Amino acid sequence: MSSTPALAELYAEVQLFYARQMQGLDSGKLEAYADTFTEDAEFSHTPGREPARTRAGILADLEDFHKRFEDDPLRRRHWFNMIDIDPQPDGTIISVCYALVVKIRPGKAPEIAASCVVHDVLTRAGGELLNKSRRVEYDPAL
């Protein structure tokens, strides 16, 4: 696909969407993060865990998943990069990007916890981008 000013503008919009979405997740704003998904979205984020479905289901899944971190000073940062977008005729956007999950503990060097490929379908509602679906594939450990 060739680059055009319209594609460059869309790319910047997707990058900003991801920045705000992942900073919300990393700061523990789980409801705000869930709100970046459509009401009927599907989110598959952890091997061996069933995908979460619907915005309310995504929020409940995230709350359950994050309970393990309640008494842990661990901070997690999600880094999205190498974003490739493909606008579709129906108005959705197929997005594939690399993601690194970095664990940060007090007094220790940051550690890469996971390397992943993120497969998204983005859509618009009220002029805003939302995730219709997200599937996270983890790279195998070497």
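I58 touches A34, F37, A41, F43, A52 and R53, with residues up to four places away in sequence left out of the count. The model in which these contacts occur is a predicted one.

**The nonpolar core**

I58 also stands out in the largest nonpolar core: of its 30 residues, V14, Y18 and I58 touch the most other members. Two or more residues of this core come from each of the helices α1 (5–26), α2 (30–34) and α3 (55–66), and from each of the strands β1 (37–44), β3 (75–87), β4 (93–104), β5 (111–125) and β6 (128–138). The most is given by α1, which supplies seven residues.

**The annotated span**

The UniProt record, an unreviewed entry, carries the annotation "domain: SnoaL-like" for residues 8–133. Within this span, 29% is helix and 44% is strand, and the end C-alpha atoms lie 23 Å apart. A8, where the annotation begins, is placed in helix α1. Its relative accessibility is 42%, so A8 counts as partly exposed. A8 is separated from D35 by 27 residues in sequence and, from C-alpha to C-alpha, by 25 Å in space.

**The largest pocket**

Rolling a probe the size of a water molecule over the atoms reveals where empty space remains. In this model, the largest pocket holds about 410 Å³ of space. Its lining consists of 25 residues, and those nearest the centre of the pocket are H45, R76, H78, V101 and Y138. The elements that contribute two or more residues to the lining are α1, α3, β3, β4, β5 and β6. Strand β5 provides the largest share, namely four residues. By residue class, the lining comprises 17 nonpolar, four polar and four charged residues.

V101, one of the residues nearest the pocket centre, belongs to strand β4. Its relative accessible area is 8%, which is under the 20% limit, and V101 is therefore buried. Beyond residues up to four places away in sequence, V101 touches R76, R77, H78, E111, I112, A113 and A114. Among these contacts, R76 and H78 are also listed with V101 as nearest the centre of the pocket. F80 lies 21 residues from V101 in sequence, and the C-alpha atoms of the two are 9.0 Å apart.

**Backbone exceptions**

Most residues other than glycine have a negative phi. Which residue in the loop between β2 (52–53) and α3 has a positive phi although it is not a glycine? The residue is T54, with a phi of about 75°, and its place is in that loop. M82, likewise not a glycine, has a positive phi of about 55° and lies in strand β3. The relative accessible area of T54 is 36%, so this residue is partly exposed. For M82 the value is 53%, which is over the 50% limit, and M82 is therefore exposed.

**Accessibility of selected residues**

The table collects the accessibility values discussed above.

| Residue | Relative accessible area | Class |
|---|---|---|
| A8 | 42% | partly exposed |
| T54 | 36% | partly exposed |
| M82 | 53% | exposed |
| V101 | 8% | buried |

Key: Residues numbered from 1 in each chain as written. Predicted model: local features only at pLDDT ≥ 70, side-chain atom pairs only at ≥ 80, totals over all residues. Heavy atoms only, no water. Core = buried A, V, L, I, M, F, W, Y, C linked by side-chain atoms within 4.5 Å. Buried < 20%, exposed > 50% of the residue type's maximum accessible area, 1.4 Å probe, protein only. Contact = heavy atoms within 4.5 Å. UniProt positions renumbered as here; feature names shortened; annotations may be inferred. 1 Å grid on protein atoms, 1.4 Å probe; cavity = no way out; pocket = protein on both sides within 12 Å on 5 of 7 lines; lining within 4 Å. Points joined across faces, edges and corners; volume = space filled by probe spheres on them. Nonpolar A, V, L, I, M, F, W, Y, C, P; charged D, E, K, R; others polar.
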